[in-house]
Amino acid sequence: SWEFTVPKVNMVRMWQYDSTTLFIAYWYPQVAVYDDIDGWDMNEYTGTTEFYNDFNNYDVSITVPNNFGVWGPGNLEHPATVLSPEVFGLYKEAMISSETVNIISWNDYLEKKTPYNNSGETNTWHFKASGIPDFTFGAAANYLWDGKAVYGGAGNSVFVSAVYNAASLDFYEVCDVAAKTVEMMSKELPGIDFPFPKLTIFNGRGGMESPMMVNQSSNKERIWMVHTTVHEAAHSYFPFGMGINERKYAWMDEGWTQMLSENIQYE
């Protein structure tokens with residue numbers, strides 16, 4: 001067992017941004033990787049470098065106040081128990097829709113609708129994810145949520161989401177940009193189906209990737225919103241799909257990702 005205190009100061013890639021928004025990464029003990037190239041990975045994680053981890057299966061339950069939503073990798077188990085009936089219906093629609101669905105919109109808050117189950121003081125959000133090298137998650141009250149389905153070259157479905165503060169004007173387009181990125185990578189370059197069933201862009205701080213999750217600042221200029229969204233989504237292949245040791249071969253995952261980013265942004 002262990003305890004983890006959410007930092008309230010600006011830590012690299014995660015922290016509690018205010019009383020209603022946080023993004024959590026690097027929060028649980030990990031066993032060092034033993035691989036067939038170097039044996040035990042002896043490169044320590046210092047908080048400023050990338051990470052290296054085995055592919056694992058995660059079963060995670062997160063309990064928060066009933067006005068908070070939680071977004072994490074893998075499948076959200078029993079969504080009807082944490083979402084209001086209306087939001088649950090829109091969530092199901094978004095998971096198969098080729099058009100962006102406003103699962104939670106600003107009008108919901110203006111009309112004082114409750115997007116989550118408020119039958120108790122808290123809700124427990126349960127996620128299961130298989131074959132990924134890490135588990136990160138974002139939690140927020142009063143955030144908007146857009147979603148849509150993207151179909152790869154082999155017909156597999158990827159659920160793409162953007163979760164954001166209503167004041168982040170650039171984020172209203174993020175879901176569409178992320179979805180187009182997933183589609184282009186699946187069908188054109190590298191031309192391999194997106195390696196995961198889900199991708200969520202969370203409006204936190206900075207620009208940092210993790211499996212099926214991106215922690216991303218709002219940008220005043222559209223070009224930087226597009227660049228960050230595309231770049232972090234491309235990391236799903238490199239390193240996460242391939243399991244690259246980012247500490248030792250940072251040039252490899254960043255190099256491939258930058259190349260893919262430039263190609264997609266150009267088009």
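The following exchange asks how the labels used for this predicted model are justified.

Mentor: This is a predicted model, in which local features need pLDDT of at least 70 and side-chain atom pairs count only at pLDDT 80 or more, while totals for chains, interfaces and linings use all residues. Residues are numbered from 1 along each chain as its sequence is written, and side-chain values use heavy atoms, with hydrogens and water left out.

Trainee: What makes strand 12 mostly covered?

Mentor: Strand 12 spans residues 157-164, and seven of its eight residues are buried. Buried means under 20% relative accessible area, exposed over 50%, and partly exposed in between, with a 1.4 Å probe and protein chains only. Strands (E, at least two residues) and helices (H or I, at least four) are DSSP runs numbered from the N terminus.

Trainee: How do you know that strand 11 and strand 12 pair?

Mentor: Two strands pair if DSSP finds at least two bridges between them. Strand 11 (residues 144-151) and strand 12 are joined by eight bridges and run antiparallel, so the criterion is met. One bridge links D146 with A162 in strand 12. The hairpin has five residues between these strands, and G155 takes a positive phi near 90 degrees there.

Trainee: What sense does the pairing of strand 12 and strand 13 have?

Mentor: Strand 12 and strand 13 (residues 198-203) pair in the parallel sense, over five bridges. S161 has T200 in strand 13 as its bridge partner. Between these strands the chain passes through helix 3 (residues 174-187), and this β-α-β crossover is left-handed.

Trainee: Why is a crossover called right-handed?

Mentor: The strands are set pointing away from the viewer, and the crossover is right-handed if the path from the first strand over the helix to the second runs clockwise. The crossover through helix 3 is left-handed.

Trainee: Which strands stand at the edges of the sheet that holds strand 12?

Mentor: Six strands form this open sheet in the order 8-11-12-13-15-14, with mixed pairing. Strand 8 (101-104) and strand 14 (207-210) are at the edges; each has a single partner strand, so one side of each lacks a neighbour in the sheet. Neighbouring strands are turned by 20 degrees against each other on average, direction ignored. Such angles run from 0 to 180 degrees between N-to-C directions, with axes fitted to C-alpha atoms, for helices over the stretch in contact.

Trainee: What does helix 3 lie across?

Mentor: Helix 3 lies across strand 11, strand 12, strand 13 and strand 15, at about 20 degrees to strand 11. Contact means heavy atoms within 4.5 Å. Helix 4 also packs on the sheet, touching strand 13, strand 14 and strand 15.

Trainee: Why is helix 4 called oblique to helix 6?

Mentor: The axes of helix 4 (residues 222-234) and helix 6 (residues 250-266) come within 9 Å and cross at roughly 135 degrees. Angles under 35 degrees count as roughly parallel, over 145 as roughly antiparallel, 65 to 115 as roughly perpendicular, and the rest as oblique. The crossing angle therefore makes helix 4 oblique to helix 6. Residues that meet there include V226 and V230 in helix 4 and L260 and I264 in helix 6.

Trainee: What makes both faces of strand 6 covered?

Mentor: F68 and V70 on one side and G69 and W71 on the other are all buried. Strand 6 pairs with strand 10 (residues 137-141) over four bridges in the antiparallel sense, and F68 has A141 as its bridge partner.
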